[in-house]
There are 2 protein chains.
Amino acid sequence: MTEPAGRARRSTGQRILSDAASLFRRHGYEATTTREISEALGIKKATLYHHVSSKEDLLYRICLAALHDVEVNAKAAVEQAEARPRERIRAMIHGHTVAMLAEVDFSHTMLTDMRSLSGDRLNEVVQLRDSYQNWTESLVREAQESGDLREDVPAPHLTLALFNLLNWTMFWYRADGDLAPSQVSELLTTMFLDGASHR
Amino acid sequence: MTEPAGRARRSTGQRILSDAASLFRRHGYEATTTREISEALGIKKATLYHHVSSKEDLLYRICLAALHDVEVNAKAAVEQAEARPRERIRAMIHGHTVAMLAEVDFSHTMLTDMRSLSGDRLNEVVQLRDSYQNWTESLVREAQESGDLREDVPAPHLTLALFNLLNWTMFWYRADGDLAPSQVSELLTTMFLDGASHR
DNA sequence: GTCTATAAATCGATAGAC
DNA sequence: GTCTATCGATTTATAGAC
């Protein structure tokens with residue numbers, strides 16, 4: 001361990017992704033230049049190309065990291081949850097939300113700038129996203145079959161509504177706002193399961 | 001009337017906005033060039049500048065049109081609805097959703113590329129959006145006071161959840177998909193009011 | 001791993017004729 | 001309203017020294 005006192009220092013590779021994701025979130029992938037990224041890192045533009053092969057490769061890695069983080073966290077939360085399907089849904093929403101909000105720059109970039117990828121990189125990221133959504137849909141279907149969720153709305157539609165609730169949160173969440181991540185998770189869970197009606 | 005047989009031909013100004021919005025939706029504002037826009041219109045790049053003062057001006061007008069359409073439609077629907085607050089919420093969701101999906105290119109561009117505006121243009125668009133969201137929040141609060149909506153979640157939070165449901169729909173809606181706009185509206189209304197739990 | 005220097009292409013926007 | 005021609009700035013990316 002050669003890192004300075006106490007906590008591990010993030011590798012250069014990690015810092016490049018974080019700084020780029022921060023810029024991408026603020027100005028968008030297309031509007032951000034490689035010069036801005038390297039300036040934020042305190043290196044010259046040419047040096048950046050020693051670490052990544054292209055600007056698009058940078059976006060690609062950010063998308064992979066964002067999807068990986070959320071998926072791993074959501075699945076771990078579900079594994080640890082009680083067996084009842086309703087509780088597994090709660091755990092999924094909590095794990096997803098907390099992971100997503102812990103890396104807002106990554107998730108925001110993935111959700112809004114994924115379309116700037118092309119070819120194989122785009123295909124891979126889209127497939128990862130779809131497979132995670134399919135896993136979520138199976139969770140929803142399982143909860144319908146157990147009687148925890150309503151069956152008059154098809155599982156794919158319930159799942160679309162769930163991702164509506166989860167994904168748009170990126171656009172208004174503020175780390176310094178009045179809602180902590182677990183409060184956001186609680187809000188989304190309440191709304192997905194019970195809705196806004198008085199009862 | 002000098003338009004060709006039957007229906008009115010859209011003005012050049014309208015066609016420029018539609019074609020640009022279509023490209024912006026597909027590739028993003030920043031990634032779309034003025035050359036691509038003029039080619040889609042069948043005119044030369046320089047001619048485009050006879051109709052709009054800049055590329056950003058084009059985005060600005062698209063955002064204004066998108067916000068105007070949805071707001072006018074939602075408010076008209078609420079005016080015509082029954083007096084009961086719960087029915088006014090239903091009407092808002094329906095009017096909003098149908099207008100939004102009728103002009104997907106405009107709404108999608110407004111929601112994702114608004115951040116590329118700057119200065120006064122950005123301020124004006126943000127203010128229009130905020131004032132519409134405030135109007136919606138007052139609708140929610142009214143429904144809480146009448147006992148139609150739950151009061152254990154603050155009105156601003158219920159409103160955030162509502163816009164989560166409304167806004168992310170842009171990203172998966174397909175005009176040729178299995179859900180017609182009014183079915184989407186029905187899904188979102190059910191989810192907002194009643195949630196996914198079995199009862 | 002970091003630098004200076006530069007290539008090669010493309011961008012938004014304008015000038016000015018018709 | 002539409003065109004041809006072009007300007008000036010900026011972009012991603014590479015070459016090659018240290």
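Which backbone atom of Thr32(B) lies 3.4 Å from a phosphate oxygen of DNA strand C, or how is that atom described? I looked this up first and found that the atom is a backbone N or O atom of Thr32(B).

**Entry 1: ground rules.** I am working with a predicted model, in which local features need pLDDT of at least 70 and side-chain atom pairs count only at pLDDT 80 or more, while totals for chains, interfaces and linings use all residues. Residues are numbered from 1 along each chain as its sequence is written, chains are lettered from A and ligands numbered from 1 in the order in which they are written, and side-chain values use heavy atoms, with hydrogens and water left out.

**Entry 2: the DNA strand.** I looked up which residues are near DNA strand C (one heavy atom within 4 Å of it), and I found 14 of them, the closest being Lys44(A), Thr33(B), Lys45(B), Tyr49(B) and Lys55(B). Of the strand atoms that come within 4 Å of the protein, 57% belong to sugar and phosphate. I then noted that a polar side-chain atom of Thr47(A) lies 3.0 Å from a phosphate oxygen of the strand, and that a polar backbone atom of Thr34(B) is 3.0 Å from a phosphate oxygen as well. By class, the surface near the strand has four nonpolar, seven polar and three charged residues, where Gly is counted among the polar ones.

**Entry 3: the two chains.** I next turned to contact between the chains (heavy atoms within 4.5 Å), and I found 44 residues of chain A touching 44 residues of chain B. The two chains bury about 3500 Å² between them, 58% of it on carbon and sulfur atoms; buried area is the accessible area, taken with a 1.4 Å probe, that two parts lose on being put together, summed over both. Arg115(A), Asn164(A) and Trp168(A) supply 21% of the area that chain A buries against chain B, more than any other three residues.

I also looked for salt bridges (a side-chain nitrogen of Lys or Arg within 4 Å of a carboxyl oxygen of Asp or Glu), and the count between the chains is two. One of them joins Asp113(A) to Arg115(B), with the closest N and O atoms 3.2 Å apart.

**Entry 4: symmetry.** I checked how the copies are related, superposing them by least squares on C-alpha atoms of residues with pLDDT of at least 70 in both. A rotation of 180° with 0.0 Å of shift along its axis places chain A on chain B, with an RMSD of 0.0 Å, and the copies are thus related as by a two-fold rotation axis. Gly195(A) comes closest to that axis of the residues of chain A, at 2.0 Å for its C-alpha.

Terms used: Polar contact = N/O pair within 3.5 Å; in protein donor to acceptor, adjacent residues only side chain to side chain.
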